[in-house]
Amino acid sequence: PNPHAPRILYAGIQAPEWLGQLHLRTDEALAGLGVPKETKPFRPHLTLARIDGKVELADLRHAIFALSS
């Protein structure tokens, strides 16, 4: 939510349709056990890091920017 103090670094992925179907079926099965259904849209991704506290991220920002060019 805050681009100046990110808490998670992730890579979005292009996933096959069956992965989205697996998500829906798992969500429905868990709802049957009393777990509330997910309200956010399904966005397949791979979490690379979770960031706790203040961390200097300038080098990481430059490296990510270099990948996108």
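**Exercise 1. Place leucine 48 in the fold and state whether it is buried or exposed.**

Step 1. Leucine 48 belongs to strand β2, residues 45-50; helices (H or I, at least four residues) and strands (E, at least two) are DSSP runs numbered from the N terminus. The model is predicted, so local features need pLDDT of at least 70 and side-chain atom pairs count only at pLDDT 80 or more, while totals for chains, interfaces and linings use all residues. Residues are numbered from 1 along each chain as its sequence is written, and side-chain values use heavy atoms, with hydrogens and water left out.

Step 2. Leucine 48 counts as exposed because its relative accessibility is 51%; buried means under 20% relative accessible area, exposed over 50%, and partly exposed in between (1.4 Å probe, protein chains only).

Step 3. From the C-alpha atom of leucine 48 to that of alanine 63, 15 residues apart along the chain, the separation is 15 Å.

**Exercise 2. Which residues form a nonpolar patch on the surface with leucine 48?**

Step 1. The patch consists of Ile13, Leu46 and Leu48, and together they have about 280 Å² of accessible area.

Step 2. Isoleucine 13 sits in the loop between β1 (8-12) and α1 (17-31). With a relative accessible area of 41%, isoleucine 13 is partly exposed.

**Exercise 3. Compare the settings of glutamine 14 and phenylalanine 42.**

Step 1. Glutamine 14 is in the loop between β1 and α1, whereas phenylalanine 42 is in the loop between α1 and β2.

Step 2. Glutamine 14 is exposed because its relative accessibility is 84%. Phenylalanine 42 is partly exposed, its relative accessible area being 36%.

Step 3. The C-alpha atoms of glutamine 14 and phenylalanine 65 are separated by 20 Å, and the two are 51 residues apart along the chain. For phenylalanine 42 and aspartate 27, 15 residues apart along the chain, the C-alpha separation is 11 Å.

**Exercise 4. Describe the lining of the second largest pocket by class.**

Step 1. The lining includes His4, Pro6, Ile51, Gly53, Lys54 and Arg61.

Step 2. By class, the lining has 6 nonpolar, 2 polar and 4 charged residues. Here Ala, Val, Leu, Ile, Met, Phe, Trp, Tyr, Cys and Pro count as nonpolar, Asp, Glu, Lys and Arg as charged, and the others, Gly among them, as polar.

Terms used: On a 1 Å grid over the protein atoms alone, a cavity is a set of points where a 1.4 Å probe fits but cannot get out, and a pocket is an open set with protein on both sides within 12 Å along at least five of seven lines; lining residues have an atom within 4 Å of a point. Patches are made of residues with over 30% relative accessible area and no salt bridge: like charges are joined within 9 Å, nonpolar side chains (Val, Leu, Ile, Met, Phe, Trp, Tyr) within 5 Å. Accessible areas come from the Shrake-Rupley method with a 1.4 Å probe; for residues, only the protein chains shown count as cover. A salt bridge is a side-chain nitrogen of Lys or Arg within 4 Å of a carboxyl oxygen of Asp or Glu.
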